[in-house]
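Biologist: I would like to learn how to read a model like this one, feature by feature. Could you take me through the general idea each time, and then the case at hand?

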Amino acid sequence: MNQFLSRRTFILILIMSILKIIFKPMQVLASSLASKEEWNLSKEEWKSRLTEESYYILREEGTERAFSSPLNNEKRKGVFHCAGCDQPLFLSDKKFDSGTGWPSFWDSIQGSVETKVDFKLIVPRTEYHCSRCGGHQGHVFNDGPLPTGKRYCNNGLALRFVSE
Ligand SMILES: [Zn+2]
C-alpha cells in the first residue's frame, strides 16, 4: 500500500514538473504592475498600508475563504473601491448573488480593472486586478448573468464598500 502510494506520488510529481516546464514561459508575476508610477510601492510600503490578509490577496494573489467576507451579503446601494488604492471598481447595481461565497459582479466600472491569464490551478483562468495599483481582485468567468454574461468573482478583503 505504502509503495503504491509513493509510486503514485512520484508519478504525480513527475507530471507536475513536466507541466511546470511547459507553462514556464507563460508564468505570471506574483502581482501585477501598477499603471501609475506613484502606486509602484515596495513590499514594505504595501505591508504597512494593508492588513496581513489584504496584503496576501492584493499583492500575492491569494484567495479568501468562501463565505468569509461580510461584503458577500452587502446589498446596500454604493460603490466598491479597491482596498489598495481606493479606485472605484464596481457599482452595487452590478452585484448579484452567485452562490459561490464571494462578492460577484456582472460588470466593472469601465477602465477600472485589467486582466491576465494565470495557471495557478493548471487550468487557465482569467485573473483581474485594479488598473491603477495592480492589486489582485479576483477571477472573471463567462458564466455570469446577462447582459454581459461575465462573473467577476471578487475577494471581499480586496474591496472597500462605500454606501450611498
Ligand atoms: Zn487599486
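Modeller: Helices (H or I, at least four residues) and strands (E, at least two) are DSSP runs, numbered from the N terminus. By that rule the protein chain has 3 helices and 9 strands, and its elements run α-α-α-β-β-β-β-β-β-β-β-β from the N terminus on. This is a predicted model, in which local features need pLDDT of at least 70 and side-chain atom pairs count only at pLDDT 80 or more, while totals for chains, interfaces and linings use all residues. Residues are numbered from 1 along each chain as its sequence is written, and side-chain values use heavy atoms, with hydrogens and water left out.

Biologist: How should I read the pairing of strands, and which order do the strands of the open sheet follow?

Modeller: Strands of a sheet pair through backbone hydrogen bonds, either parallel or antiparallel. Two strands are taken to pair if DSSP finds at least two bridges between them. Here 6 strands form an open sheet in the order β3-β4-β8-β7-β6-β5, with antiparallel pairing. Its edge strands are β3 (95-96) and β5 (113-121), each of which pairs on one side only. Within this sheet, β4 (residues 104-105) and β8 (residues 151-154) pair in the antiparallel sense over 2 bridges, and the bridge partner of S104 in β8 is C153.

Biologist: Is Q137 buried or exposed, and what is it in contact with?

Modeller: Buried means under 20% relative accessible area, exposed over 50%, and partly exposed in between (1.4 Å probe, protein chains only). Q137, which lies in strand β7 (residues 136-141), has 0% relative accessibility and therefore counts as buried. Contact means heavy atoms within 4.5 Å; leaving aside neighbours within four places in sequence, the contacts of Q137 include L58, C82, H129, C153 and L159. L58 is also one of the buried residues of helix α3 (residues 52-60), together with S54, Y55, I57 and R59, and what covers the buried residues of α3 includes α2 (43-49) and β7. Of the 164 residues of the protein chain, 40% count as buried.

Biologist: What should I look for in salt bridges, and how many does the structure hold?

Modeller: Side chains of opposite charge can pair when their charged atoms come close. A salt bridge is counted when a side-chain nitrogen of Lys or Arg is within 4 Å of a carboxyl oxygen of Asp or Glu, and the structure holds 7 salt bridges. In one of them, the side chains of K116 and E61 meet at 2.5 Å, N to O. Since K116 lies in strand β5 and E61 in the loop between α3 and β1 (78-82), the pair ties together parts that are 55 residues apart in sequence. E61, just after α3, also takes a positive phi of about 55°.

Biologist: Which other residue is linked with E61 and K116 in a network of salt bridges?

Modeller: That residue is E127, whose side chain meets that of K116 in a salt bridge of 3.5 Å, N to O. This pair links distant parts of the chain, with E127 in strand β6 (residues 123-130) and K116 in strand β5, 11 residues apart. Each member of the network counts as buried: K116 at 17% relative accessibility, E61 at 6% and E127 at 0%. Elsewhere, D143 and R151 meet in a salt bridge of 2.7 Å, N to O, and R151 is buried, with a relative accessible area of 13%.
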